[in-house]
Structure formats: C-alpha cells, structure tokens
Amino acid sequence: MREDGGNLIAETAARLRERDRERIAGLIARMFRLHDDLSPFYRRIASDEQLSWAAGGAGRLLSSPTVFEDVVKTICTTNCAWSATIRMTTALVERGGGAFPEPQVLAETPDAWYRDVARMGYRGSYVKSIAGDVAGHALDLESLLPARGRSDDEVEEVLLALPGVGPYAAAHVMQLLGRHRYLVLDSWTRPAYLRLAKKKRAADATIRRAFARYGEHAGLAFWLFLTRDWVEPTPP
DNA sequence: CGTCCAGGTCTAC
DNA sequence: GGTAGACCTGGACGC
C-alpha cells in the first residue's frame, strides 16, 4: 500500500476475483477509517487552542482488518512491556503463515504453543477462548463495527465480558472501532497526560472531566492531545 | 540473584 | 462499588 497524490493505492501481484477485490477494498477502508466522518469533531476543535492543529485531518487511527484481530492484539498489550507485545503478535502472525490467523486456527492451536512458542502466559487461554467463541459463531465481534448500529454502552458491555478485556482494553478497541467517547487510560497515557498538562497528579475522573467537553470524541481528543508531538515535532 | 514493573485483568472479599 | 493479591513474561535495576 502507498500514498500517491492524496490517494491510497493498494497493489498486489495476485490476480484477484472481483468478489475478493471488493472484500479486500472493504477491509482496507476499515483499516484506514475511510468512512468515518470526523468533520463534526474538526468543527468542534477548529478554534481549540490545544487541538486546532488536528482539524486538518488527524485522528484516523489505523486498525486491523478485523475486530477479532484488534481484540487479540490489544490483549497482547496488557500488563507487559511493548517488546512482549511485539513478540506475541509476531508469533501469532507466524502461526497464521504470514497473516494474522483466522479464529478457527487459534481455536485449534494447542495450549503448549501459546505457552512455549508465543510465551503469552495467562493471556493464551483468554485468546484461545475468544477465538473458539468467534469460530463457533457464539460471538460476533465484527458486529461491533459502527455500521451495525449498536450503542457505545452496548459495545463496551460486550467487550468487557471478554476474558482479558477490562476498561483499558475495551476503550482501546473502541477507539479502533471509530467509537471515540471513552478515554484510554493506562500506564503510558496517564504519565503522558501529566507531562503535557504540566500537572503533578490527576485522578482518572479528573482527566475524563477535562475532556468531557468533546463529548462523543473525548477519547480521540485525549489521544490527539497526548500524541501531538508525533505529528508536530516541536509544538509551540 | 531478588525485586520491580511494563500501554491490566480477574477473583475474592 | 470499591479494593488487595495473584498472575505469565522478561528486561531493568539494585545489591
């Protein structure tokens, strides 16, 4: 995939059937949030001292092709260093033969693989359990996409019910779903907020209150506030 | 070598 | 509904 004059170009050496071409285009559209309409948010921050810089088009968080993949990867970020997250997700992709494995594959993968190869610790049984439910159609994670019309609260409830998914992981997955109301609060975002807001300490409730004015985009506003220097190296 | 903890969650009070 | 304690792993750190 590459960018060319404002267009996103996806190429493959494979010869695709029309049907597969459309399916893949749909997955890419999801990954790059091409259907998300952030214009209300951009209007909201147009004259915002902290966030007006983002109104030019920032805020489309890259997601995985499927919600299932985002959920599993997010579980692999919990309670471990980033290097461990990379190790676990790399092992999963190897298990999938170069692509992220289908739920069916992970459901049938032996416990010993999770333990000894991916070194996923207690997360292994969580992932295997979720994969089994998705493969067996007892759980439809793709139904959490915004297009399916569920409320944020309903989606959060489904996510929190998953093993290994708590408040942090649910908020994180929801950001990737284009549901931007909730703040991702973890051991990286909390100190980052204190540093940028020049505060000594702040309870979670206090941080949420500081971003409540962005309404359904509060979580996105929080994330952009924290990552401004990823886009603009030297903020004034 | 032991302790702590990293982009938390679960269970048991 | 709120809060200790346990939990896989492995890199960082103090001794």
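Which atom of DNA strand B is 2.7 Å from a polar backbone atom of Gly166? It is a phosphate oxygen. Good morning, colleagues. Before I continue, please note that the model before you is a predicted one.

Let me stay with the DNA. A phosphate oxygen of DNA strand B also lies 2.8 Å from a backbone N or O atom of Gly164. Asn79 makes its approach through the side chain: an N or O atom there is 3.1 Å from a base nitrogen of the strand. In total, 21 residues surround DNA strand B, and Asn79, Gly164, Gly166, Ala169 and Ser187 are the closest. Of the strand's atoms that come within 4 Å of the protein, 60% belong to sugar and phosphate.

What is the character of the protein surface near DNA strand B? Its residues comprise 13 nonpolar, 7 polar and 1 charged. The element that gives the most to this surface is α9, with 4 residues.

That brings me to the packing of this helix. Two packed helices are described by the angle between their axes and the distance between the axes. Helix α9, residues 167-176, packs with helix α3, residues 67-75, at an angle of about 140°, and the axes are 10 Å apart. The crossing of α3 past α9 is right-handed. On the α3 side, the contact involves Asp70, Val71 and Thr74; on the α9 side, it involves Tyr168, Ala169, His172, Val173 and Leu176. By class, the residues of this contact are 5 nonpolar, 2 polar and 1 charged.

I would close with Ala169, which is among the residues closest to DNA strand B and also takes part in the contact with α3. Thank you.

Key. Residues numbered from 1 in each chain as written. Chains lettered and ligands numbered in written order. Predicted model: local features only at pLDDT ≥ 70, side-chain atom pairs only at ≥ 80, totals over all residues. Heavy atoms only, no water. Axes fitted to C-alpha atoms, helices over the stretch in contact; angles between N-to-C directions. Helix = DSSP H or I, 4+ residues; strand = E, 2+ residues; numbered from the N terminus. Left-handed = near helix turned anticlockwise from the far one by under 90°. Contact = heavy atoms within 4.5 Å. Nonpolar A, V, L, I, M, F, W, Y, C, P; charged D, E, K, R; others polar. Near = heavy atom within 4 Å. Polar contact = N/O pair within 3.5 Å; in protein donor to acceptor, adjacent residues only side chain to side chain.
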